[in-house]
Amino acid sequence: MKKRDGIDTRADPPADPSTDPWRAPVVVAQIPETGLAVEIDASAAQRKAMAEIAGLRDIASAHASFELTLARGGRVHVAGRLQARVGQTCVVTLDPIENDIDEAIDLVFAPPEQIKELADFVDQADNDDDADVPEPPEPIESGVIDLGRLATDVLFLAIDPYPRKQGAVFEPRVAAPDPEEHPFAALKALQRPDAEKTDSRKPDEARPEGKKG
């Protein structure tokens, strides 16, 4: 992680990195009045763990940059960008492909005690058709904003669930028509050729009886 303004944003690793691998906590109390700029890069081990969680073939790179600005009431405005390259499998050809992710980040974090009040305000604005409904804030947990966790969430949400190789088109298989399923097949089955009429009687029985002379 790169830091600016003399703020050390490092923290102890999580207890279980397999479920929360990319961590970059920032202590809100240490953010200066002039703001804080932070850049983070996921390590190879972190990228491997995130790829396993997301069901990706791999994550070749993951970089995020942030600008943190203090706002009223202890809130923090977090703006930035996440850029990553992920390895996936084409759902059409099953070939390995690489996809680039480039997502803007613009969120407000607020102390937990303000979340309900701000959520009620959002609900009220949501009921007003003419109101510009703001995004609900994210909670500041224990006085810390985890930029790594935020970047991970943005990355996972940006993943294409149905990746396709460029130019690949899904063409459904068309089965040959079954003659037996033709709408007139049943009618045709009822129309059988007339069998030859044969007389099963013996020749003598077939000859008409004549009068004895």
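This is a short tour of a predicted model, stop by stop.

**Stop 1: the whole chain**

Start with everything in cartoon view. The protein has five helices and seven strands. Trace the chain from its start, and the pattern reads β-β-α-β-β-β-α-β-β-α-α-α. Now switch on the surface. About 15500 Å² of the protein is exposed, and carbon and sulfur atoms supply 50% of that area. Of the 213 residues, 29% are buried. Contacts also reach along the chain. Among those between residues at least 6 apart in sequence, 66% join residues at least 24 apart.

**Stop 2: the nonpolar core**

Hide the surface. Select W22, I40, F66, L68, V78 and L147. These residues touch the most other members of the largest nonpolar core, which has 33 residues. Which elements each supply at least two residues of this core? They are β2 (36-41), α1, β3, β4, β5 and α3 (147-158). Colour those elements to see where the core draws its residues from. In soluble globular proteins, nonpolar side chains tend to be buried together.

**Stop 3: R57 and its two partners**

Next come the charged side chains. The model has nine salt bridges. Select R57, D58 and E98, and show their side chains. R57 forms a salt bridge with D58, where the closest N and O atoms are 3.8 Å apart. R57 also meets E98 in a salt bridge, at 2.8 Å from N to O. This second pair links distant parts of the chain. R57 sits in the loop between α1 (44-54) and β3 (58-70), while E98 is in strand β5 (residues 96-110). The two are 41 residues apart.

Are these three residues buried, exposed or partly exposed? R57 has 37% relative accessibility, so it counts as partly exposed. D58 is partly exposed at 27%. E98 is partly exposed too, at 39%.

**Stop 4: a bridge between two strands**

Stay on β5 and select D102. Add R81. Their closest N and O atoms are 2.8 Å apart, in a salt bridge. D102 belongs to strand β5 and R81 to strand β4 (residues 76-89), 21 residues apart. Both ends are partly exposed: D102 has 44% relative accessibility, and R81 has a relative accessible area of 35%.

**Stop 5: a salt-bridge network**

Select D20, R23, E141, D146 and R149 together. A network of salt bridges links these five residues. Show the side chains as sticks and follow the links.

**Stop 6: Q88, a buried polar residue**

Go back to strand β4 and find Q88. Q88 has a relative accessible area of 8%, so it is buried. What does its side chain join in a polar contact? The partner is the side chain of N99, at 2.8 Å. Now display the surroundings of Q88. Leaving aside neighbours within four places in sequence, Q88 is in contact with L56, R57, D95, P96, I97, N99, I159, D160 and P163. You met one of these, R57, at Stop 3, in its salt bridge with E98.

**Stop 7: Q114 in helix α2**

End at helix α2 (residues 112-126), where you will find Q114. Its relative accessible area is 14%. Buried means under 20%, so Q114 counts as buried. The side chain of Q114 makes a polar contact of 2.9 Å with the side chain of R75. Select G73 as well. Apart from neighbours within four places in sequence, Q114 is in contact with G73 and R75.

Technical notes
Residues are numbered from 1 along each chain as its sequence is written. This is a predicted model: local features need pLDDT of at least 70, side-chain atom pairs count only at pLDDT 80 or more; totals for chains, interfaces and linings use all residues. Side-chain values use heavy atoms; hydrogens and water are left out. A salt bridge is a side-chain nitrogen of Lys or Arg within 4 Å of a carboxyl oxygen of Asp or Glu. Buried means under 20% relative accessible area, exposed over 50%, partly exposed in between (1.4 Å probe, protein chains only). Helices (H or I, at least four residues) and strands (E, at least two) are DSSP runs, numbered from the N terminus. A polar contact is a pair of N or O atoms within 3.5 Å; within protein, one must be able to donate a hydrogen and the other to accept it, and residues adjacent in sequence count only if both atoms are side-chain atoms. Contact means heavy atoms within 4.5 Å. A nonpolar core is a set of buried Ala, Val, Leu, Ile, Met, Phe, Trp, Tyr and Cys residues joined through side-chain atoms within 4.5 Å. Accessible areas come from the Shrake-Rupley method with a 1.4 Å probe; for residues, only the protein chains shown count as cover.
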